[in-house]
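Okay, thanks for coming, everyone. I'd like to walk you through one structure today, so let's get it up on the screen.

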Amino acid sequence: FQQIRARAEAVLAEILSQSEGQSVLIVSHGDFTRSLIGLLMGIDADIAANIILDNASYSVLEKHEDGWKIITINRIS
């Protein structure tokens, strides 16, 4: 999981540097998505690894001035 998180951190940095003020859709596998959510929310990797994400679910996070806000997580409808 630590290796996945390191890759997620690099991808996230690239996406954020190129998408200021834009909406971004990221499609990925569960562990990578857990890593991204953990990074955005400041959650330790060990805890983020336990985020429950069903197959074909989606999560929505919004960037605010003071950080990121989870709008929905593990939504399947």
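**Starting from the pocket**

So, the largest pocket: 31 residues line it, and the ones nearest its centre are Val24, Leu25, Ile26, Ser59 and Leu61. Before I go on, keep in mind that this is a predicted model. The volume of that largest pocket comes out at about 860 Å³.

What is the lining like, chemically? In the largest pocket, 16 of the lining residues are nonpolar, eleven are polar and four are charged.

And which element gives the largest share of the lining? That's β1, with six residues. Helix α1, residues 2-18, and helix α2, residues 30-41, are in there too: along with β1, each supplies at least two residues of the lining of the largest pocket.

Okay, let's stay with β1 for a minute. This strand covers residues 58-64, and it pairs with β2, residues 67-75, in the antiparallel sense, over six bridges. The two strands make a hairpin, with two residues between them. If you want to check the register on your screen, Tyr58 has Arg75 of β2 as its bridge partner, and Glu62 stands opposite Lys69 in β2.

Now over to the helices. How do α1 and α2 meet? Their axes come within 9 Å and cross at roughly 65°, and the crossing is right-handed. On the α1 side, the contact is made by Ile4, Arg5, Arg7, Ala8, Glu9, Val11 and Leu12. From α2 you've got Asp31, Phe32, Ser35, Leu36, Gly38, Leu39 and Leu40. By type, the residues of that contact between α1 and α2 split into eight nonpolar, two polar and four charged.

Right, that's my tour. Over to you for questions.

Definitions and conventions
Residues are numbered from 1 along each chain as its sequence is written. This is a predicted model: local features need pLDDT of at least 70, side-chain atom pairs count only at pLDDT 80 or more; totals for chains, interfaces and linings use all residues. Side-chain values use heavy atoms; hydrogens and water are left out. Two strands pair if DSSP finds at least two bridges between them. Helices (H or I, at least four residues) and strands (E, at least two) are DSSP runs, numbered from the N terminus. On a 1 Å grid over the protein atoms alone, a cavity is a set of points where a 1.4 Å probe fits but cannot get out, and a pocket is an open set with protein on both sides within 12 Å along at least five of seven lines; lining residues have an atom within 4 Å of a point. Grid points are joined across faces, edges and corners, and a volume is the space filled by probe spheres set on the points. Ala, Val, Leu, Ile, Met, Phe, Trp, Tyr, Cys and Pro count as nonpolar, Asp, Glu, Lys and Arg as charged, and the others, Gly among them, as polar. Axes are lines fitted to C-alpha atoms, for helices over the stretch in contact, and angles run from 0 to 180 degrees between N-to-C directions. A crossing is left-handed if the near helix is turned anticlockwise from the far one by less than a right angle, and right-handed if clockwise. Contact means heavy atoms within 4.5 Å.
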